[in-house]
Amino acid sequence: IDSLLFAAASAVLDALNATDSNGTEALNATAKFVATPEGTALAYGSLVFMALLPIFFGALRSVTCSKSKNAADMPETITSRDAARFPIIASCTLFGLYLFFKVFSQEYINLLLSVYFFVLGVLALSHTMSPLMSRVFPASFPNKQYQLLFTQGSGESKEEIVNYEFDTKNLVCLLISSVVGVWYLLKKHWIANNLFGLAFALNGVELLHLNNVSTGCILLGGLFIYDVFWVFGTNVMVTVAKSFEAPIKLVFPQDLLEKGLEASNFAMLGLGDIVIPGIFIALLLRFDVSLNKNSRTYFYSSFLAYIFGLGLTIFVMHTFKHAQPALLYLVPACVGFPVIIALFKGELTEMFSYESSEEVLPTSPRLTSFPTVSGSPASLASSMDAVSVATGSSPRHRRLQPTSM
């Protein structure tokens with residue numbers, strides 16, 4: 001899976017919630033809609049709530065993920081080198097998409113992207129649903145094991161191309177996710193879009209780990225500059241955002257009260273505004289756990305800071321009636337609040353010396369090689385989601401290993 005596409009895709013959508021002067025952009029290019037105060041409050045309140053869900057639960061699941069002994073389910077680790085070059089990769093990919101939309105037909109590009117995100121979305125949603133389904137199914141449920149194996153060559157030179165292990169529960173999750181995927185392909189309905197978007201964001205926060213706080217500061221600082229430049233300095237981001245149709249944003253209709261589920265004038269929030277701060281917040285939760293003080297001070301402070309920063313973005317956008325890059329407000333809030341608290345508690349040195357990779361087994365994979373398709377549906381989705389939705393932190397991937405269910 002090419003992480004460069006998602007690098008621009010998620011980053012592009014960072015500004016989608018501010019592409020219009022009043023914060024709305026109809027997906028079907030209908031006439032401008034003047035939202036009522038009630039509709040606006042409902043839409044943005046819902047977006048904030050939906051943004052908090054994958055950050056909160058993704059962070060909690062990242063703690064369990066970091067302690068996993070299953071090589072296929074281990075997280076991807078972002079180093080300072082990966083973080084430093086991400087804004088450059090994202091900028092090149094963003095401008096490349098801008099040229100693509102200028103040269104080629106928007107209809108065919110979005111058709112290709114729809115198929116790509118259909119496959120990715122089904123796997124992401126299936127992986128998200130797996131823990132819940134494991135609790136829903138009774139112990140007496142006949143859970144049979146299956147394996148799909150495809151190899152190349154023979155004898156000692158035989159190489160596995162596909163080693164896909166799954167069980168009946170995985171099949172049920174895949175079936176439900178496929179129904180949602182078909183619904184999205186045929187209708188492009190905003191609820192189906194949000195289901196995929198929430199799955200992408202949760203998997204990104206859970207499976208993409210910053211190795212330390214310094215790396216997080218480099219990544220967020222670079223994207224702070226990236227977001228401000230491409231929103232205020234050029235029209236490239238807004239142009240691509242208006243042309244790009246993919247479930248990598250959360251949307252909520254501002255005319256829901258008037259038109260119900262058929263509403264079509266949306267307030268939007270790009271997944272980059274969720275995943276990028278989210279992986280930093282998840283890092284702080286793992287730092288809290290490492291302190292063994294039964295306290296989640298840094299996690300909750302950064303979580304509240306995220307709410308403050310997102311609320312400030314919406315307030316400034318509506319006050320000045322101008323597009324705002326959300327990371328302009330989210331980055332100082334999410335980094336500044338925990339750092340100030342660490343200063344007061346005298347734990348600043350300890351915070352910056354914490355290495356998240358120490359919580360993972362020494363064999364924890366780095367982004368070093370291109371993967372083959374192997375493992376369970378959960379592990380396959382993990383690999384695809386983490387590298388993609390996390391906005392292409394590195395063009396390198398890890399090789400998946402088969403898992404036993």
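# Exercises on a predicted model

Ile274 touches Ala51, Pro54, Ile55, Ala201, Val205, Leu250, Leu269 and Tyr306, when residues up to four places away in sequence are left out. The structure used in these exercises is a predicted model.

## Exercise 1: The nonpolar core

Task. State which residues touch the most other members of the largest nonpolar core, and which helix gives the largest share of this core.

Solution.
- Step 1. The largest nonpolar core holds 96 residues.
- Step 2. Within this core, Phe244, Ile274 and Tyr306 touch the most other members.
- Step 3. Helix H10, which covers residues 272-291, contributes 12 residues, the largest share of the core.
- Step 4. Two of the residues named in Step 2 also meet each other, since Tyr306 is among the residues touched by Ile274.

## Exercise 2: The chain as a whole

Task. Determine how many helices and strands the chain has, and what percentage of its residues is buried.

Solution.
- Step 1. There are 14 helices and 8 strands in the chain.
- Step 2. The chain has 405 residues, and 57% of them are buried.
- Step 3. Among contacts with a separation of 6 or more, 82% are between residues 24 or more positions apart.

## Exercise 3: An aromatic pair

Task. Classify the pair formed by Phe229 and Trp230, and decide for each residue whether it is buried or partly exposed.

Solution.
- Step 1. A pair of aromatic rings is described by the distance of the centres and the angle of the planes.
- Step 2. The whole structure contains 16 aromatic pairs. In the pair of Phe229 and Trp230, the centres are 5.0 Å apart and the planes make an angle of 80 degrees.
- Step 3. Planes over 60 degrees apart count as edge-to-face, and the pair of Phe229 and Trp230 is therefore edge-to-face.
- Step 4. Buried means under 20% relative accessible area. Trp230, at 10%, is therefore buried, whereas Phe229, at 46%, is partly exposed.
- Step 5. Elsewhere, ring pairs join Phe56, Phe57, Phe299, Tyr300 and Phe303 into a cluster. Another ring, that of Tyr184, has Lys188 over its face, at 5.1 Å from the ring centre.

## Exercise 4: Ile109 and helix H8

Task. Locate Ile109, decide whether Ile109 is buried or exposed, and explain why helix H8 is described as largely enclosed.

Solution.
- Step 1. Ile109 belongs to helix H4, residues 106-136.
- Step 2. Its relative accessible area is 15%, so Ile109 is buried.
- Step 3. Leaving out residues up to four places away in sequence, Ile109 touches Phe100, Phe101 and Phe104.
- Step 4. Ser243 is 134 residues from Ile109 in sequence, and their C-alpha atoms are 9.6 Å apart in space.
- Step 5. Ser243 is one of the buried residues of H8, together with Val236, Met237, Val238, Val240 and Ala241.
- Step 6. Helix H8 is largely enclosed by the rest of the structure because 6 of its 8 residues, 236-243, are buried.

## Exercise 5: Annotated regions and a loop

Task. Give the helix content of residues 217-241 and of residues 297-320, and place Asn211.

Solution.
- Step 1. An unreviewed UniProt entry lists several spans as "transmembrane region", including residues 217-241 and 297-320.
- Step 2. Residues 217-241 are 92% helix and 0% strand, with end C-alpha atoms 26 Å apart.
- Step 3. Residues 297-320 are 100% helix and 0% strand, with end C-alpha atoms 34 Å apart.
- Step 4. Asn211 lies in the loop between strand S5 (208-210) and helix H7 (213-233).
- Step 5. Asn211 has 11% relative accessibility and therefore counts as buried. Its side chain makes a polar contact of 3.5 Å with the side chain of Asn212.

Conventions: Residues are numbered from 1 along each chain as its sequence is written. This is a predicted model: local features need pLDDT of at least 70, side-chain atom pairs count only at pLDDT 80 or more; totals for chains, interfaces and linings use all residues. Side-chain values use heavy atoms; hydrogens and water are left out. Rings of Phe, Tyr and Trp (its six-membered ring) pair if their centres lie within 6.5 Å; planes under 30 degrees apart count as stacked, over 60 as edge-to-face and the rest as tilted. Buried means under 20% relative accessible area, exposed over 50%, partly exposed in between (1.4 Å probe, protein chains only). A charge sits over a ring if NZ of Lys or CZ of Arg is within 6 Å of the ring centre and within 35 degrees of the ring normal. A nonpolar core is a set of buried Ala, Val, Leu, Ile, Met, Phe, Trp, Tyr and Cys residues joined through side-chain atoms within 4.5 Å. Helices (H or I, at least four residues) and strands (E, at least two) are DSSP runs, numbered from the N terminus. Contact means heavy atoms within 4.5 Å. UniProt positions are given in the numbering used here, feature names are shortened, and annotations may be inferred rather than shown by experiment. A polar contact is a pair of N or O atoms within 3.5 Å; within protein, one must be able to donate a hydrogen and the other to accept it, and residues adjacent in sequence count only if both atoms are side-chain atoms.
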